[in-house]
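Please prepare a report on the structure shown below. It should treat the overall fold, the domains, the surroundings of the ligand and one helix.

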Amino acid sequence: MRHSVFSLVANALTGNARWPRQWRAATPKPAYDAIVVGGGGHGLTTAYYLAKEHGLTNIAVVEKGWIGGGNVGRNTTIIRSNYMLPENSRFYELGMKLWEEMSQELNYNVMFSQRGVINLAHTSAQMDAFARRGNAMRLEGIDAELMTREEVAARLPGLDVSDRARFPIVGGMIQPRAGTARHDAVAWGYARAADKLGVDILENCGVTGFIRDGDRIVGVETTRGAIRAPKVGVAVAGHTSELMRLAGLDRLPIESHVLQAFVSEPLKPLIDTVVTFGAGHLYISQSDKGGLVFGGDIDGYNSYAQRGNMPVIRHVAAEAVSMFPNLARLRLLRHWGGVMDMSMDGSPIIDVGPVPGLYLNAGWCYGGFKATPASGFCFAHTIARDEPHALNAAFRLDRFAAGRTLDEKGIGPSPQLH
Ligand SMILES: Cc1cc2nc3c(=O)[nH]c(=O)nc-3n(C[C@H](O)[C@H](O)[C@H](O)COP(=O)(O)OP(=O)(O)OC[C@H]3O[C@@H](n4cnc5c(N)ncnc54)[C@H](O)[C@@H]3O)c2cc1C
């Protein structure tokens with residue numbers, strides 16, 4: 001059923017009881033032309049673009065849980081392309097353009113809201129760094145504006161811009177086209193669109209091993225039986241190391257860490273943009289339901305636990321209150337965690353291999369949600385053509401061995417700092 005004002009009204013008048021399933025509950029076939037492991041944002045967009053751009057419709061997405069249960073449904077939904085290195089900014093700007101047309105393209109309202117992302121500066125050196133990054137962005141045709149302290153204050157009325165603040169604010173940078181979207185709608189929208197193109201979405205179907213023919217991977221063992229395919233793409237975010245171990249790779253330049261987020265009780269409109277604290281690591285936005293959504297640093301140790309803990313809440317809450325003192329008595333509503341695939345240089349990996357028949361999509365760190373459409377677009381190209389697209393040519397795995405890392409922040413191989 002196409003979504004339109006007419007289908008909305010018709011379903012509202014009939015008690016919303018007649019909406020069809022958004023995608024089929026497919027049964028695994030013994031073989032496909034390609035399999036994508038991982039039904040998160042990246043796996044679903046990859047399948048969608050494999051079908052749409054490359055005509056591969058005999059394909060399956062193999063997901064161990066349910067669609068939207070991974071990081072795609074756990075993130076703080078910040079979408080931006082304010083990167084400095086050209087390899088990153090070009091890739092994320094493709095993503096931004098795809099976000100701008102996503103709801104129309106999928107016929108699914110992903111609630112993409114271009115409310116801007118403001119990075120706060122607390123020192124003049126930080127303002128200089130923002131000017132450098134903003135100029136680099138503008139050279140790539142990406143929007144970026146520096147803001148004075150007064151402009152920041154006018155945009156964020158609750159923010160403490162006084163000299164009494166723990167870390168006084170001197171200004172900021174905004175990317176006006178950046179913003180947020182509804183994360184689970186993105187997963188559902190791509191699942192529905194891929195299904196419509198013939199893709200089988202296999203939920204509750206965990207990959208437990210790989211089928212080999214000599215060196216080559218020719219399929220996967222799953223909890224729902226063996227499935228063969230000449231091409232197997234892996235897009236499992238925080239579980240990449242585990243999956244690749246099953247493929248015989250013990251060491252990857254990736255660590256798994258938990259990233260937490262929490263949301264407050266609903267408030268009247270208070271923050272109409274996304275704002276990041278420049279003196280620590282905190283990002284806040286306000287959801288359409290009114291809750292303030294907070295995120296901070298990853299946990300400092302490796303873990304696969306999809307849950308949060310008190311030290312991070314305290315840390316993030318302290319930073320929030322130093323920015324917005326009026327939040328001190330806010331009550332928190334929910335709190336959760338997701339397992340992140342942190343790469344050693346902070347940039348992703350989208351590549352052919354490292355084993356014949358296998359294709360790898362990983363290393364998304366804090367920022368894989370915004371990459372969702374560009375990642376799927378480029379990974380589909382890489383799988384279909386057996387070579388990277390120009391926009392992911394710099395994201396190959398061998399860059400770590402060759403010393404061509406893409407260290408956006410210039411802080412070396414410390415995943416917890418990227
Ligand atoms: C708290 C938090 C806040 C974040 N905030 C932002 C943000 O503001 N902006 C941003 O851009 N990014 C953000 N991110 C990062 C972003 O969510 C991730 O980088 C991105 O979602 C990862 O890609 P994905 O959607 O494909 O991952 P996932 O949704 O995790 O998909 C991977 C899937 O693989 C499946 N899987 C794992 N193992 C197997 C197996 N053996 N067999 C089959 N399936 C398997 C999992 O069940 C999962 O569904 C945040 C993440 C978290 C946790």
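The report below moves from the whole chain to its parts.

## Overall architecture

The structure is a predicted model. Its secondary structure amounts to 10 helices and 19 strands. The radius of gyration is 21 Å, close to the 22 Å that the globule rule gives for 418 residues, so the protein is as compact as a globular protein of that length. The C-alpha trace extends about 65 × 60 × 40 Å along the principal axes.

Of the 418 residues, 48% count as buried. Contacts between residues at least 6 apart in sequence were also examined, and 76% of these join residues at least 24 apart.

## Domain organisation

Two domains appear in the domain assignment of the protein. Domain 1 is made up of residues 22–77, 183–254 and 345–417, while domain 2 is made up of residues 113–177 and 255–341. Each domain is thus assembled from separate stretches of the sequence.

The centres of the two domains, taken over C-alpha atoms, are separated by 29 Å. Domain 1 brings 18 residues to the contact, and domain 2 brings 16 residues. On the side of domain 1 that touches domain 2, the residues comprise 7 nonpolar, 10 polar and 1 charged.

## Surroundings of the ligand

Domain 1 and domain 2 both give residues to the shell around the ligand, so the ligand lies between them. There are 39 residues around the ligand, and those that come nearest are Gly40, Gly70, Asn75, Gly338 and Gly368.

By class, the shell contains 20 polar, 15 nonpolar and 4 charged residues. Helix α2 (41–54) supplies at least two residues of this shell, as do strands β13 (254–266) and β17 (332–343).

## Helix α9

Helix α9 covers residues 372–385, a run of 14 residues. From its first C-alpha to its last the helix reaches 20 Å, close to the 20 Å expected at 1.5 Å a residue.

The helix is mostly covered, with 13 of its 14 residues buried. Asp386 follows α9 and has a positive phi, near 60°.

## Summary

In this predicted model, two domains with centres 29 Å apart both contribute to the shell of 39 residues around the ligand. Glycine is found among the residues that come nearest to the ligand, for example Gly40 and Gly338. Elsewhere in the chain, helix α9 is mostly covered and is followed by Asp386.

Notes
Residues are numbered from 1 along each chain as its sequence is written. This is a predicted model: local features need pLDDT of at least 70, side-chain atom pairs count only at pLDDT 80 or more; totals for chains, interfaces and linings use all residues. A residue is near a molecule or strand if its C-beta atom, placed from the backbone, lies within 6 Å of it. Helices (H or I, at least four residues) and strands (E, at least two) are DSSP runs, numbered from the N terminus. Ala, Val, Leu, Ile, Met, Phe, Trp, Tyr, Cys and Pro count as nonpolar, Asp, Glu, Lys and Arg as charged, and the others, Gly among them, as polar. Domain bounds come from an automatic or database domain assignment. The radius of gyration is taken over C-alpha atoms; the globule rule is 2.2 Å times the number of residues to the power 0.38. A residue is buried if 20 or more other C-beta atoms lie within 10 Å of its own, exposed if 12 or fewer, and partly exposed in between; C-beta atoms are placed from the backbone. Two residues are in contact if their C-beta atoms, placed from the backbone, lie within 7 Å. The expected span of a helix is 1.5 Å times one less than its number of residues.
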